[in-house]
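Here are some exercises to work through with the model open beside you. Try each task before reading its solution.

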Amino acid sequence: MSVRRDLIESILEPGVFDRADPDIEAKQLEAAREVFAERRGQIGLLRRRAEEAGVDEIKSMRDLVPLLFAHTAYKSYPQSFIDQGRWDRMLQWMQTLSVDRTDNVNVDGVRGVDDWIDRLREGGHIVLATSGSSGKCSFLNHTRGDSAMKRRHASVAVGWPFVRGAKDRACFFLGPSEGPNSAIEASQNNAANFGRPGDVHFLTDEPLLISEVSRAAALRTRMADGTATPGEIEAFENEAREKAARMDAALDAMTESILARRHEPIYLTGMWAQHMMIIKRARKLGIPDGDFSPKCVVSAGGGVKGVSLPPDYKEQVAKFYGDVIRPTAYGMTEMAQMMPRCQCMRYHRPPGLIWLLLDASGERLLGPEDGPNGVVEGRFGFLDLIYEGRWGGLITGDKVTIDFAATCPCGRPGPTILDNITRFAQAGDDHIGCAGTIDSYIRSSLTE
Amino acid sequence: MNAPAPVPPLPVPHVVKGTTIFGNEQDYGRFATPKLNLDSMVWPRSEPAPAADVPVAEIIDVLVQTGERLTRDPDGALAEALERSVKSNPLPRDVLERSYASLGRIFNRAMMEFQIEQELGGADLIDGWREVATTSGRPARIRAFPTRLVHIIAGNAPGVAAQSVIRGALTKCVNLFKLPSNDLYSATAILRALSAVAPGHPIARSFSAAYWRGGDAAIEGMLFRPQFFDKIVAWGGESTIRGALKYVGPGFELVAFDPKTSISMIGREAFASEETLDEVATRGAFDATVMNQQACTSSRFQFIEGTVEQVDRYCAKLQAKLGEERPTSSSTPIPLPSNIRDELDGLRAFEDDYRVFGGYEGRGLVVRSDAPVDFYPDNKIVNVVRVADLRDAVRHVSVATQTVGVYPAARRTELRDALCSAGTQRVVALGLAQPESGLPHDGFYPLHRFVRWVTDEGGNN
């Protein structure tokens with residue numbers, strides 16, 4: 001078996017996060033060497049990057065730095081291809097980022113982007129889509145095998161070190177049950193790992209449609225070029241409001257059963273605003289703070305943009321659920337192996353995930369010598385060794401602090417990421433120029 | 001691996017009502033400024049603006065002398081500002097050197113007189129009251145009255161600071177400049193020269209310049225009030241305008257130099273001969289590289305009539321010329337932002353539809369396509385878009401389209417009304433994207449917007 005396989009498989013070893021592997025760095029380097037040697041012949045963009053950077057082989061972790069893709073690589077297709085339904089061209093684009101051939105996908109009669117994603121999935125290309133603030137979607141390919149490995153990883157990492165999924169809980173996910181999006185995929189994985197069959201509840205079975213995101217983007221484009229009419233914009237906004245009202249009604253219904261079963265060890269995931277709605281209902285019913293079973297697993301997250309919440313919403317949610325299990329992990333759509341947080345509020349590294357801490361510009365690899373006592377701040381990059389379907393190397397916009405110490409304060413082996421992750425500000429926050437576009441002003445009327 | 005040695009923060013002086021203030025109490029990491037004294041940043045409303053009664057002719061004299069001093073730079077203050085700008089401004093050294101060398105020439109007497117004539121309607125209106133004949137016969141006089149301005153200036157060209165000083169001075173306004181972090185030195189260098197040629201002069205006392213972090217509510221929330229200022233003159237990007245909008249209300253008005261994009265339109269006449277095509281590419285490159293393509297007037301999209309083969313020839317010529325040195329452009333390569341590299345790599349999958357000319361080394365790059373690219377071409381990148389007819393390109397124009405350069409020049413007449421109807425503010429012959437003083441900017445006359453138009457009505461008995 002290859003070193004890479006060994007590392008990935010070791011997630012199943014009992015106490016994988018508890019035992020130090022003195023050779024981990026050398027093994028990770030060897031695994032990176034392996035996976036690059038294989039992928040460079042398979043993925044067009046990786047080959048191009050390697051040629052430009054003059055990297056033939058991974059001899060040190062530094063060689064990986066120029067090979068990391070930014071998230072923008074996964075949305076580098078021309079939007080007009082989607083607007084004009086040129087799905088064959090989209091497949092051609094997807095090919096440059098994928099290992100498996102995408103020409104096995106039949107795009108005859110594809111009616112929209114959701115259709116296209118479905119066809120890709122039928123062809124074994126499990127595409128996840130994200131919608132950035134620009135309105136242009138990213139599309140990330142992976143294989144069915146990658147999906148299964150992701151689920152397997154989640155079975156160990158989600159809940160660690162407090163609880164492990166045993167398929168024995170009532171689960172409530174305050175979102176859709178279907179859709180090509182990583183949050184939904186995570187819910188599905190957690191449902192499979194934690195849920196008692198037949199007792200898993202999603203807010204809605206209305207699938208998340210990427211076309212809705214794209215439609216909003218297309219409307220924004222037409223607003224920018226002045227061809228959208230006020231009536232169209234109004235209709236669009238009304239539709240969004242109606243959908244929100246439907247979701248609120250569904251949440252009301254689900255709230256009743258969540259509250260009714262609060263003394264059971266349920267699993268509950270929702271966005272901050274949804275938790276606040278549950279609290280509101282609980283107050284009406286006279287349910288006090290801290291009245292949930294301590295075995296409940298509760299997580300909250302999501303953006304709060306455009307939602308009016310009291311300033312202390314996090315404290316209110318914490319107080320309401322009280323002493324429940326609150327597992328947290330650091331991950332992202334592009335990553336298969338999320339990093340769970342320990343009791344000491346630090347994120348731990350799975351053996352199959354290579355961390356690459358970079359300087360702010362993303363050009364130089366940082367190490368323990370770049371900060372006081374081996375605690376170093378930088379831009380987070382990584383190579384996720386799981387992926388068979390695409391290149392797992394990514395540079396993020398996240399500013400993280402890594403403690404390179406061999407031991408975490410929790411006693412387990414390091415290195416660890418501190419719980420102070422923020423975003424790198426856009427270059428030149430306070431740089432003022434007279435050049436630019438007004439797209440964001442047009443956008444804001446639809447998103448706020 | 002060695003950690004880089006810590007670099008001491010660059011000192012950034014402030015100017016308070018004509019007096020230069022040195023200090024480094026406020027550390028911003030890369031640079032440090034004196035501590036901000038908010039009380040000294042406002043001019044009490046109980047007193048008229050210091051220069052209100054100074055004849056504009058005298059102000060122009062002072063400005064001309066300021067320009068001469070900037071050109072001579074007898075004490076090396078401008079040279080010092082240049083050296084520090086080189087360390088803190090994203091523009092390359094040679095562009096900054098040439099911009100600083102030409103700063104003095106902006107303070108040109110004829111140009112300033114033209115501005116007053118064009119933008120206000122005459123010096124008498126700013127110096128005193130002009131009689132107007134009303135239709136009812138009511139005696140009336142009008143005057144362009146000085147106001148209190150806080151300027152959020154742009155830092156993508158040192159000329160912005162110079163123009164802002166000139167505009168603020170010609171209108172006799174009181175002016176507080178908020179310095180941008182990409183140009184921490186030009187405004188103060190100009191104001192120091194102004195104070196040097198006219199120490200204590202009312203016009204020198206009409207200016208302050210300081211840095212604070214844009215959007216700092218503790219400072220902006222205090223200063224941006226109608227009690228202290230009448231107008232906020234805001235240049236540029238989204239965060240600036242959004243920041244300013246928070247404070248705008250009755251008595252506190254926004255004068256916005258909005259973010260703008262500029263384009264070119266090139267007719268099939270460009271392919272008349274190889275020499276013509278060369279000439280057109282030279283002009284196209286000139287317009288695309290104004291301030292290394294950091295200016296609002298710099299062309300980013302060029303719509304062109306021609307066959308794929310013809311347009312590719314234009315693209316190749318244009319690409320070669322983007323990297324050449326010009327007065328406001330450098331031959332120093334500019335690193336390609338990674339997001340644009342990602343976009344280009346994506347487009348390379350479609351080499352028939354999207355052809356990329358030039359490499360990623362930052363010497364200029366052209367993308368030829370049949371529809372505008374999704375990204376914002378920047379750092380010497382031009383998207384050349386093939387159209388059947390230049391009129392088809394008008395649909396890509398919006399109120400954010402500032403300058404449209406047209407070739408051949410004669411085709412401006414067929415296009416200009418449609419362009420302006422779609423939002424364009426400026427139609428020029430290709431090659432003339434560099435702005436001209438005294439003409440409207442972004443669809444308005446700045447001097448006209450800076451002043452308050454007041455009236456005095458009725459006879460004397």
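**Exercise 1. The contact between the chains**

How many residues of chain B are in contact with chain A, and how many of chain A with chain B?

Solution. Start with the ground rules: this is a predicted model, in which local features need pLDDT of at least 70 and side-chain atom pairs count only at pLDDT 80 or more, while totals for chains, interfaces and linings use all residues. Residues are numbered from 1 along each chain as its sequence is written, chains are lettered from A and ligands numbered from 1 in the order in which they are written, and side-chain values use heavy atoms, with hydrogens and water left out.

Step 1. Taking contact as heavy atoms within 4.5 Å, you should find 55 residues of chain B touching 40 residues of chain A.

Step 2. Now turn to area, meaning the accessible area (1.4 Å probe) that two parts lose on being put together, summed over both. Between chain B and chain A about 3600 Å² is buried, and carbon and sulfur atoms give 51% of that.

**Exercise 2. Charged and polar pairs across the interface**

Count the salt bridges between chain B and chain A, then look at two pairs.

Solution. Step 1. A salt bridge is a side-chain nitrogen of Lys or Arg within 4 Å of a carboxyl oxygen of Asp or Glu. There are six between chain B and chain A, and the structure holds 65 over all chains.

Step 2. One pair is Arg86(A) with Asp353(B), where the closest N and O atoms are 3.3 Å apart. This pair crosses between chains, from the loop between α4 (79-83) and α5 (87-95) of chain A to the loop between α12 and β15 (355-357) of chain B. Helices (H or I, at least four residues) and strands (E, at least two) are DSSP runs, numbered from the N terminus.

Step 3. Another pair is Arg48(A) with Asp345(B), with 3.7 Å between the closest N and O atoms. On the side of chain B that touches chain A, α9 (238-245) and α12 (338-347) of chain B each supply at least two residues. The largest share, seven residues, comes from α12(B).

Step 4. Sort the residues on that side of chain B: 23 are nonpolar, 15 polar and 17 charged. Here Ala, Val, Leu, Ile, Met, Phe, Trp, Tyr, Cys and Pro count as nonpolar, Asp, Glu, Lys and Arg as charged, and the others, Gly among them, as polar.

**Exercise 3. A sheet in chain B**

What is the strand order of the open sheet of three strands in chain B?

Solution. Step 1. Two strands pair if DSSP finds at least two bridges between them. The order is β1-β5-β4, with mixed pairing.

Step 2. The edge strands, each pairing on one side only, are β1 (10-11) and β4 (26-27) of chain B.

Step 3. β1(B) pairs with β5 (residues 31-33) of chain B in the parallel sense over two bridges. Leu10(B) is placed opposite Phe31(B) of β5(B).

**Exercise 4. Backbone details**

Find where Pro415(A), Pro408(B) and Asn292(B) lie.

Solution. Step 1. Gly414(A) and Pro415(A) are joined by a cis peptide bond, with omega near 0°. Pro415(A) lies in the loop between β13 (393-403) and β14 (416-417) of chain A.

Step 2. The bond from Tyr407(B) to Pro408(B) is also cis, and omega is about -10°. Pro408(B) sits in the loop between β18 (401-407) and α13 (412-422) of chain B.

Step 3. Asn292(B) is not a glycine, yet has a positive phi of about 55°. Its place is the loop between α10 (274-288) and β14 (299-305) of chain B.
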